[in-house]
Each structure stands twice: as structure tokens, then as C-alpha cells.
Amino acid sequence: MNYINKKQDSYDAIVIGSGITGGWAAKELCQKGLKTLLLERGRDVVHIKDYPTANLNPWDFNYRLNNTTKEKERNPVRSAIAGEADRLFFASDEEHPYLQEKPFFWSRGYQIGGKSLVWGRQCYRLSDLDFESNLKNGVAVDWPIRYKDLSGWYDYVEKYIGVSGQCEHLDHLPDGHYLPPMELNCIEKHLAESIKKNDEQRLLTIARVANLTRGWDNRGPCQNRNLCTRGCPFGGYFSSNSSTLPAATATGNLTIRPFSLVREIIYDEKLQKSTGVRIVDSNTYEEFEFYSKIIFVNASTIDTTSILLNSISKRFPDGFGNDSGQLGHNLMDHHSSSGAYGIHQGFKDQYYKGRRPCGFLIPRYRNLHSSDKHDFIGGYNLQGHGERQEWKDRSIGLKGFGSSFKEQLTTPGPWAVWMAGWGECLPYYENKVSLSTDQKDKWGLPLIKIDFSFMENERIMMKDIRESAARMLDDAGFSEVEPFAYHNPGGSTVHEMGTARMGKDPKTSVLNQFNQVHAAKNVFITDGSCMTSSACQNPSLTYMALTARACAYAVSEMKRGNL
């Protein structure tokens, strides 16, 4: 083994992972004066320079943005979410295998910036309806925080990243600080008016999204190209590469080391805390150790949990911080494969300009009050978009040739709306992440096993989503309304969370109210693995708020000599 001199490789803080939360941790810690080492298992990606496909046209690609049969066979998970233009920002199934006890689509971004380069950018706050849900419904364990603990940090994050959206004054979906909203098109406005007329408890609003509607923090604005997953040379949306990492670098306190696969967290039995991490250089296969006073583990839910499970010591024989036996369990992902589609014959004299990079939101309207009880626990929101059918839609079943065929193909079709429910998934102990005892990857690390399925509560909710969405389209005068159920496996929404949950009691949780490992106070975990329940909102904004809050607390505790 090749270990570098301890003095040369000692830092105030180590951050594992450079995605949305890792980037935030690096920025916060560096700006607070801490010499910080950022470890990323993948390659470096330099903002703007390393977005080679950002300005290419469909005809510039060999296969016109499609995946080849060979690509689909070798990388079935990556092929389900990425194509020719953006697969460079998604990890290869072939190079990074994992074991599926049941079908589970695990999308990963192994590069500087992680999945912040390809995320959906939807930014919604959780409310006390969500933070109190477990307690009131007798599910799993109670969150150790409430909305008041996080509201100021939501403010802090939104003001920094830039979120466009519209305030709607809903208790269960708190408003935030927004740039001007993007605009609904005519068919979406029509649906919004119909919903408002038919049910005063529901509304349709434009998505709250981290795409900039005006210049912000030397970035943007968004160009309405909707090519976000290729990387944005305009900085039109928030990513680690365009925002937090440049801010961290500007302090002079950041050291970035790509190609650094963290093997384990080092625990000192005498000091009763972590002293650093052991990594494998993913290119040379050499091992190194780096040392620090505090560690933030932000490798993304499943990878974070695998690092903890592989960090075995006399003190933690079942994984780092796993006194509760909960590490790896309670895996959650939102389901988003049920909804409805419909066609409207009106508004044929109207169209739209540009490619808006977001859709609309119908906030949660089920199980909001004690008098509003349904056959399932929790709730869902509906997300969707309205558009006129394009040539790809029209080509299905269209027959003919010559000029008349071309005219039919290139004439915009009728307006249509697609919408699906983003539904809450309960934290089931049996949904879990574990490590193989006999299979390893090429770096000698155990392969990760994922055992996950949606249960009866989610299936009942999916049925309600289909029926409810179809009814709203019917009421708005849509025809050919089709409820759908794609039956996508877990992981398809790419909202994995919950495997190192927060809680009040060390006997039933891994982390405390400040995202500290209960049994190792200088280790913090603020990515999706910390979530105690899933709610139904897109979770990244909550991850960022929790990260900023935990960083402030960690530095405060360091100054007090408590870490």
C-alpha cells in the first residue's frame, strides 16, 4: 500500500461526493475557513469546457440521439434514462455492476458534479404535514426535526441557487423565494381553470424549478433549450459545477481529487471518532489515506450506505455507525409511473415558442386533513405538461408518401396533456441495500445488492392516481383519455433515500437531528440516505437545506472543541 505522509494529507474537513449535497458541503465548509478535501470517484468535469454535446444538433449524432441495440444490451439501466447526447454523464452498468434482488434501476453520475448535471431541478419544500406524517400514521420512526428547524435554511438555499416559481399560499407546500415563474401554455391554463372550477381544494401551477428566468449569481438566464442533461454552458440551471464548486474554489480552501473511490471510513477506537478515509485510486488501483477533523459523506444514498457498510471495525462490526441495525434498511423511491393522457381538440390557432425545461405541478390534494382520509397513507402530487403533437407523435399510424405525407407529418397535431403522480413511498425495513459476501468489483470492493419493491400502500395510491388524473382530463373536455400504469421498477424516479435515517433515538436511527452519526459525532451524512420518510415532493431542495444546516452546526461544534 502507498500511503502519503499524514501531515501532507491532513485537512480540516473531507467531503465524499461532489453532487448536489457534496458541492454544497464543500462551499459551506470552505467559506467558513476550513481546508477541505473533496473526493469524487469519477472523472473531472470542468464547467462549459467538458460539455461536448451541449450545442450539437440531432443530425450531428451517429444514431440521431437513439441508443443502439448493443448499448441497450450492455447498459440496460443507463439506456432507460440516457441517450446518445447525455450518456457521458451517467455511469455504465457494464463498468459498475450491482446486484438486483428484484428489478431496480439505479442511475448514477460518477464525475465531478455527480447527478447535479442531470437532475430534474424541481424544488419543493417539505412541510409539517410531511415531518409529522410518520408519527401521526404510526409508521417507522418520527423525524427529529420540524419545518421551523429547516425553513430558514430553505430560504438560504433558494436565494443562492435561484428557483423560478410562483407562490400559492398552501400550508402543505410552503412558498419560498422565487425568480419570476415560467409561463403555462394555453392548454395548461385551460386545464388549470377547469381544475379550479371543479375542485377548490386543487390547483395547477407552473413547476418550481432551479432554471433561471433571469441572470443570477453570474449565471444564466435559461435559454429554454431543454437540453439540460447535456450540461449547460449558460449556467441556466443550478449544478455543483456552475455554482457551489466555483464558490468553494474561490476561497482557496478547496482541494479536489477525482478518481478517488472511498473504500472505508477510518475509526479510531481510542479517540472514539473518525480520523479519515481510505481510498482506492480508480485508475492506478493504489490505496491512500487522507485525514481530517470532520467528514461529510455525500456519495448519494446507495453509494453512501455501501461505504458505511464496508467500514468495519471492532467498534462497528456491522458497518460504520450501525448500532441501531437500521443502516441499509428503509430504502425509498418515489413512484411516478401512473397517470393519464388526453387530447383536446381546441386551441388549434395557438402554439408556443422555445422548449420550456419544466412542466406543471398539481400539489398534493389527498390526506391533507383528518376529515380527508383515503385507503392509503401519505399522498402524491401530479406533474405533467401540455403540448401540441409533433411529427414523432403524428408518425405513429400515419400512412402515405410524397408532399401530402410531408405536409401531414410537419403540421402540428392536436393539443395533448400527459400527467403522472409522484407518490410517497413508505419506509419499509425489508427494502434494503446490502453488500455481497462473495462478489467484488474490479477495485476489490463488494458488489452492492439492492432489494426493493413497492407494497400494497403504493399500489392503492397508484390506482387513485390513474382514476383521479383521468377524471380531471375528462372534466376539462379532453377526449381519448387514457389512464396508464407503466409499472416501472424502483429507482426509476431516481429519488433513492432513507438508508441511514435521521431519528431521535440511537437505537432506531443512524443520524441525529443535525445529521451526525449518533456514535461518531464528527461524521455527517446529508444526502438522500438521511431521510426519515419520503413525502411526495422532489427531495433535492431538502437535501441542500439539511446540508447547509449541518455544515453550520459542524463548524460551530468544532469551534467549541466538541468534535
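A helix here is a DSSP run of H or I at least four residues long, with numbering from the N terminus. With that in hand, we can start at helix H12 of this predicted model.

**Helix H12 and its charged pair**

Helix H12 covers residues 456–475, and both Glu456 and Arg459 lie in it, three residues apart, or about one turn of the helix. The two form a salt bridge whose closest N and O atoms are 3.4 Å apart. Are these partners buried, partly exposed or exposed? Glu456 has a relative accessible area of 47%, which makes it partly exposed, and Arg459 is partly exposed too, at 45%.

Elsewhere, salt bridges that share partners link Glu132, Lys136, Asp142, Arg146 and Lys504 into a single network.

**Salt bridges across the model**

In total, the structure holds 29 salt bridges. Three of them are set out here, with the distance between N and O atoms.

| Acidic residue | Basic residue | N to O distance |
|---|---|---|
| Asp155 | Arg125 | 2.6 Å |
| Glu132 | Lys136 | 3.1 Å |
| Glu456 | Arg459 | 3.4 Å |

Let us look at the pair in the top row. Asp155 and Arg125 meet through their side chains in a salt bridge. Asp155 sits in helix H6 (residues 147–161), while Arg125 belongs to the loop between strand S3 (99–100) and helix H4 (128–131), so this pair ties together parts that are 30 residues apart in sequence. Asp155 is partly exposed, because its relative accessibility of 24% falls between the 20% and 50% limits. Arg125, in contrast, is buried at 3%.

In the middle row, Glu132 counts as partly exposed at 22% relative accessibility. Its partner Lys136 is exposed, with a relative accessible area of 66%.

**A buried glutamate in strand S8**

Glu287 is found in strand S8, which spans residues 287–297. With a relative accessible area of 13%, Glu287 is buried, because the value is under 20%. Which side chain does the side chain of Glu287 contact? It makes a polar contact with the side chain of Arg263, at 2.9 Å.

**The nonpolar cores**

The largest nonpolar core contains 86 residues, and those with the most contacts inside it are Ile161, Val277, Phe290, Phe320 and Ile450. There is also a second, separate core of 36 residues, and Ile195, Leu203, Ile465 and Leu473 are among its members.

Ile450 is worth a visit in the viewer. Leaving aside residues up to four places away in sequence, the residues Ile450 touches include Tyr98, Leu99, Phe104, Trp106, Ile302 and Leu331. Gln100, Glu101, Lys102 and Lys432 are also among the contacts of Ile450 on that basis.

Notes. Residues are numbered from 1 along each chain as its sequence is written. This is a predicted model: local features need pLDDT of at least 70, side-chain atom pairs count only at pLDDT 80 or more; totals for chains, interfaces and linings use all residues. Side-chain values use heavy atoms; hydrogens and water are left out. Helices (H or I, at least four residues) and strands (E, at least two) are DSSP runs, numbered from the N terminus. Buried means under 20% relative accessible area, exposed over 50%, partly exposed in between (1.4 Å probe, protein chains only). A polar contact is a pair of N or O atoms within 3.5 Å; within protein, one must be able to donate a hydrogen and the other to accept it, and residues adjacent in sequence count only if both atoms are side-chain atoms. A nonpolar core is a set of buried Ala, Val, Leu, Ile, Met, Phe, Trp, Tyr and Cys residues joined through side-chain atoms within 4.5 Å. Contact means heavy atoms within 4.5 Å. A salt bridge is a side-chain nitrogen of Lys or Arg within 4 Å of a carboxyl oxygen of Asp or Glu.
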